[in-house]
Amino acid sequence: MSPPLSKLQEMDTAAVLDLKWCHVPLSGKAVLGMAAATGDLHLYTLSDSQEGPRSLHSLCNLEVGVDRLALSLDWSTGRMNSSSDVQVVCSDSAGCITVLSVAEGSLTTLSQWKAHDFEAWISAFSYWDLQLVYSGGDDCKLKGWDLRVDPSRPTFRSEKHSMGVCSIHSNPHREHIVATGSYDEHVLLWDGRNMQRPLSDSAVGGGVWRLKWHPTHQHLLLAACMHNDFHILNCQQALEGSGEACPVAASYILHNSLAYGADWSQLSLEKPVPCSPTAAEPKESFTESGGHLRIQYESPTASFDASLEDDAGRYIPEGIAVASTPQTAAPALDPKGEASSLSCLLASCSFYDHMLHVWRWDWTPEEAQQESQQC
């Protein structure tokens, strides 16, 4: 086994093209998957030390092909409660899709086929039917594959995106629902039973490199939109069949480079994040369309916490601009159908400056009630 890695920075960060944690522990350990520019898929385990910082240890790696880049990966564990029959799907720059099994600390290739004419930017499992795999490529095509039959023959082919398809995520809460994003700057929602026409089409103003559904709220979708920052989309009405575009519930614009990666924390947040009153302020502005945000922000010149509120809130740090006319978003509901609070911790990263930001989005019952009245 390789020596422990205390930080991913110790590797060539330019070679890391996709990172995803397995949704369930494997052999009692958290496992991180990495797609690399070397054409390899790497798995790392996270140490369970209770003292000091945790570290990553190499578990195994496998080359998916020669003279190619491994571009994306997805785990089959999006709705799993156990670590049995875990698989990984990987796409590469040769336009191929590879499905691998993970067992006893090793990777084994189950199948591989040519899926796209150019780069296969993204691949993903349907979390509701693990025999179904989706892929998107630079040939502007979105395709589906049934692993029970000849995987070289797609079950569907869609060209609704006008440019390369680079993000796909299956909704773990709603069966058949899939979100896709493209360089064409649109997010499409689909019902997997009818892939000829999307449920909704939302223009987000930037190439959609990554999409992530919220881990517990089925209607919230996080989008990393390259030249147009990060957005949280409220997909409630679209999922109910309105056919309308998904409004933006909040936006995060404090990165100085391409919005490239983003994800929700699985942690349950109940207490406010402490904020420093003496912290330096960012040069950029922040705009938001509902709720308020607490940010833990690190820049090349300073590290600080900042607390931001919307127009209905109280404190706004000097120099921070907040949208004067917020768009509305449907609140989360408790079992009685009443508005409940929502507090989310998120992480986002940008491309050229190699920056990682951790930020918190709070949605209080009062704000949710006000937005319901505005609707």
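**Exercise 1. Place S182 and list what surrounds its side chain.**

Step 1. S182 belongs to strand 14, residues 177-182; strands here are DSSP runs of E with at least two residues, numbered from the N terminus. The model is predicted: local features need pLDDT of at least 70, side-chain atom pairs count only at pLDDT 80 or more, and totals for chains, interfaces and linings use all residues. Residues are numbered from 1 along each chain as its sequence is written, and side-chain values use heavy atoms, with hydrogens and water left out.

Step 2. With a relative accessible area of 0%, S182 is buried (buried: under 20% relative accessible area; exposed: over 50%; partly exposed: in between; 1.4 Å probe, protein chains only).

Step 3. A polar atom of the S182 side chain lies 3.1 Å from the backbone oxygen of M163. The backbone nitrogen of D184 is 3.0 Å from a polar atom of the S182 side chain.

Step 4. Not counting residues up to four places away in sequence, S182 touches H161, M163, G164, V165, C166, S167, G206, G207 and V208 (contact: heavy atoms within 4.5 Å).

**Exercise 2. Describe the aromatic pair of Y134 and F156, then that of F351 and Y352.**

Step 1. The whole structure holds 9 aromatic pairs (rings of Phe, Tyr and Trp, the last by its six-membered ring, with centres within 6.5 Å; planes under 30 degrees apart are stacked, over 60 edge-to-face, the rest tilted).

Step 2. Y134 and F156 form a tilted pair, 6.1 Å centre to centre with 55° between the planes. This pair links distant parts of the chain, 22 residues apart: Y134 is in strand 10 (residues 129-136) and F156 in strand 12 (residues 156-158). Both Y134 and F156 are buried.

Step 3. The F351 and Y352 ring centres are 4.7 Å apart and the planes stand at 85°, so this pair is edge-to-face. F351 is partly exposed at 33% relative accessibility, while Y352 is exposed at 62%.

Step 4. F351 and Y352 also belong to a cluster linked by ring pairs, together with W121, Y183, W209 and Y260.

**Exercise 3. Which residues touch the most other members of the largest nonpolar core, and which elements give two or more residues to this core?**

Step 1. The core has 19 residues (buried Ala, Val, Leu, Ile, Met, Phe, Trp, Tyr and Cys joined through side-chain atoms within 4.5 Å). L26, L41, L43, W75, V102 and L107 touch the most other members.

Step 2. The elements giving two or more residues to this core are strand 2 (31-36), strand 3 (40-46), strand 5 (70-75), strand 6 (86-92) and strand 7 (96-103).

Notes. Helix = DSSP H or I, 4+ residues; strand = E, 2+ residues; numbered from the N terminus. Polar contact = N/O pair within 3.5 Å; in protein donor to acceptor, adjacent residues only side chain to side chain.
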